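Visitor: I am new to reading protein models, and I would like a close look at a single part of this one. Could you take me through it slowly, with the whole chain as background?

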Amino acid sequence: MGSIEGEGGERMFYCTNCGEAQDDGMTFCRFCGEKQPGLQLINRLRSEARRLRQSGEESTTAATNIQQETMSTLARLEKMRQEVDEAAQHRSGR
Ligand SMILES: [Zn+2]
(Lines give C-alpha, C1' and ligand atoms only; values in the text may rest on other atoms or scores of the structure.)
Protein backbone atom coordinates (compact mmCIF):
# COMPACT_ATOMS: atom_id res chain seq x y z
CA MET A 1 0.00 0.00 0.00
CA GLY A 2 1.10 3.49 -0.70
CA SER A 3 4.07 2.55 -2.78
CA ILE A 4 4.81 4.49 -5.91
CA GLU A 5 5.91 2.81 -9.09
CA GLY A 6 9.21 3.92 -10.58
CA GLU A 7 11.52 6.58 -9.18
CA GLY A 8 13.23 3.98 -7.04
CA GLY A 9 10.56 3.96 -4.38
CA GLU A 10 11.20 7.57 -3.43
CA ARG A 11 8.70 8.82 -0.90
CA MET A 12 9.81 12.38 -0.28
CA PHE A 13 8.36 15.18 -2.30
CA TYR A 14 8.85 18.89 -2.43
CA CYS A 15 6.68 21.95 -2.28
CA THR A 16 5.59 23.00 -5.73
CA ASN A 17 5.95 26.62 -4.65
CA CYS A 18 9.07 27.02 -2.50
CA GLY A 19 10.80 23.66 -3.08
CA GLU A 20 11.15 22.75 0.60
CA ALA A 21 10.99 19.05 1.40
CA GLN A 22 7.61 17.94 2.66
CA ASP A 23 6.53 15.11 4.87
CA ASP A 24 4.78 12.24 3.19
CA GLY A 25 1.13 13.07 2.65
CA MET A 26 1.32 16.76 3.55
CA THR A 27 -1.61 18.76 2.26
CA PHE A 28 -0.14 22.18 2.81
CA CYS A 29 3.46 23.30 2.74
CA ARG A 30 4.61 23.99 6.29
CA PHE A 31 7.03 26.62 4.99
CA CYS A 32 4.95 28.73 2.66
CA GLY A 33 1.43 27.32 3.11
CA GLU A 34 1.05 26.44 -0.55
CA LYS A 35 -1.43 23.67 -1.14
CA GLN A 36 0.36 20.50 -2.23
CA PRO A 37 -0.91 17.93 -4.71
CA GLY A 38 0.43 15.32 -2.33
CA LEU A 39 1.25 11.69 -2.76
CA GLN A 40 -2.28 10.67 -1.90
CA LEU A 41 -3.68 12.62 -4.84
CA ILE A 42 -0.98 11.29 -7.13
CA ASN A 43 -1.68 7.76 -5.97
CA ARG A 44 -5.39 8.30 -6.44
CA LEU A 45 -4.89 9.64 -9.96
CA ARG A 46 -2.61 6.73 -10.71
CA SER A 47 -5.07 4.09 -9.58
CA GLU A 48 -7.86 5.92 -11.36
CA ALA A 49 -5.87 6.04 -14.56
CA ARG A 50 -5.07 2.37 -14.22
CA ARG A 51 -8.71 1.51 -13.65
CA LEU A 52 -9.79 3.58 -16.62
CA ARG A 53 -7.16 1.93 -18.75
CA GLN A 54 -8.35 -1.53 -17.72
CA SER A 55 -11.96 -0.74 -18.54
CA GLY A 56 -10.92 1.26 -21.59
CA GLU A 57 -12.10 -1.35 -24.05
CA GLU A 58 -15.72 -0.32 -23.78
CA SER A 59 -15.07 3.29 -22.93
CA THR A 60 -17.50 5.95 -24.01
CA THR A 61 -16.39 9.32 -25.26
CA ALA A 62 -16.99 10.77 -21.81
CA ALA A 63 -14.86 8.12 -20.15
CA THR A 64 -12.12 8.77 -22.68
CA ASN A 65 -12.22 12.46 -21.92
CA ILE A 66 -11.99 11.78 -18.19
CA GLN A 67 -9.11 9.43 -18.83
CA GLN A 68 -7.24 11.99 -20.88
CA GLU A 69 -7.89 14.63 -18.27
CA THR A 70 -6.67 12.35 -15.51
CA MET A 71 -3.58 11.39 -17.44
CA SER A 72 -2.69 14.98 -18.31
CA THR A 73 -3.24 16.07 -14.70
CA LEU A 74 -1.03 13.25 -13.51
CA ALA A 75 1.63 14.08 -16.08
CA ARG A 76 1.52 17.73 -15.09
CA LEU A 77 1.84 16.94 -11.40
CA GLU A 78 4.72 14.58 -11.98
CA LYS A 79 6.51 17.07 -14.20
CA MET A 80 6.02 19.76 -11.57
CA ARG A 81 7.29 17.42 -8.91
CA GLN A 82 10.37 16.50 -10.91
CA GLU A 83 11.19 20.12 -11.60
CA VAL A 84 10.87 21.05 -7.94
CA ASP A 85 12.83 17.97 -7.04
CA GLU A 86 15.68 19.04 -9.28
CA ALA A 87 15.56 22.55 -7.93
CA ALA A 88 15.69 21.23 -4.37
CA GLN A 89 18.69 19.11 -5.20
CA HIS A 90 20.49 22.14 -6.58
CA ARG A 91 19.59 24.10 -3.47
CA SER A 92 20.97 21.45 -1.17
CA GLY A 93 24.26 21.65 -3.04
CA ARG A 94 24.37 18.23 -4.60
ZN1 LIG B 1 6.26 25.82 0.16
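Guide: What follows begins with the chain as a whole and then turns to the surroundings of Ala21, which touches Ala88. Please keep in mind that this is a predicted model, and that the chain averages a pLDDT of 76, with 74% of the residues scoring at least 70. Over residues 2-7 the pLDDT is below 50, and in the model this stretch has 5 contacts beyond its near neighbours in sequence. Among the helices and strands, confidence is highest in α2, at a mean of 85, and lowest in strand β1 (residues 13-14), at a mean of 78.

The chain holds 2 helices and 2 strands, and if you read along the sequence you meet them in the pattern β-β-α-α. Of its 94 residues, 9% are buried. If you take the contacts between residues at least 6 apart in sequence, 32% of them join residues at least 24 apart.

Now to the part itself. Ala21 belongs to strand β2, which covers residues 21-22. Is Ala21 buried, exposed or partly exposed? A buried residue needs 20 or more other C-beta atoms within 10 Å, and an exposed one has 12 or fewer; Ala21 has 15 such neighbours, and therefore it counts as partly exposed. Leaving aside residues up to four places away in sequence, Ala21 touches Met12, Tyr14 and Ala88. The contact with Ala88 spans a long stretch of sequence, since the two are 67 residues apart along the chain, while their C-alpha atoms are 7.8 Å apart in space.

Met12, one of the residues that Ala21 touches, lies in the segment before β1. Met12 has 11 C-beta neighbours inside 10 Å, so it counts as exposed. The C-alpha atoms of Met12 and Gln22 are separated by 6.7 Å, although the two residues are 10 apart along the chain.

Finally, consider Arg81, which sits in helix α2, running over residues 61-91. Because 19 other C-beta atoms lie within 10 Å of its own, Arg81 is partly exposed. Its C-alpha atom is 9.2 Å from that of Gly19, a residue 62 places away along the chain. As you look at the model again, you can follow two separations in turn, that of Ala21 and Ala88, at 7.8 Å, and that of Arg81 and Gly19, at 9.2 Å.

How values were computed. Residues numbered from 1 in each chain as written. Predicted model: local features only at pLDDT ≥ 70, side-chain atom pairs only at ≥ 80, totals over all residues. Helix = DSSP H or I, 4+ residues; strand = E, 2+ residues; numbered from the N terminus. Contact = placed C-beta atoms within 7 Å. pLDDT = per-residue confidence, 0-100.
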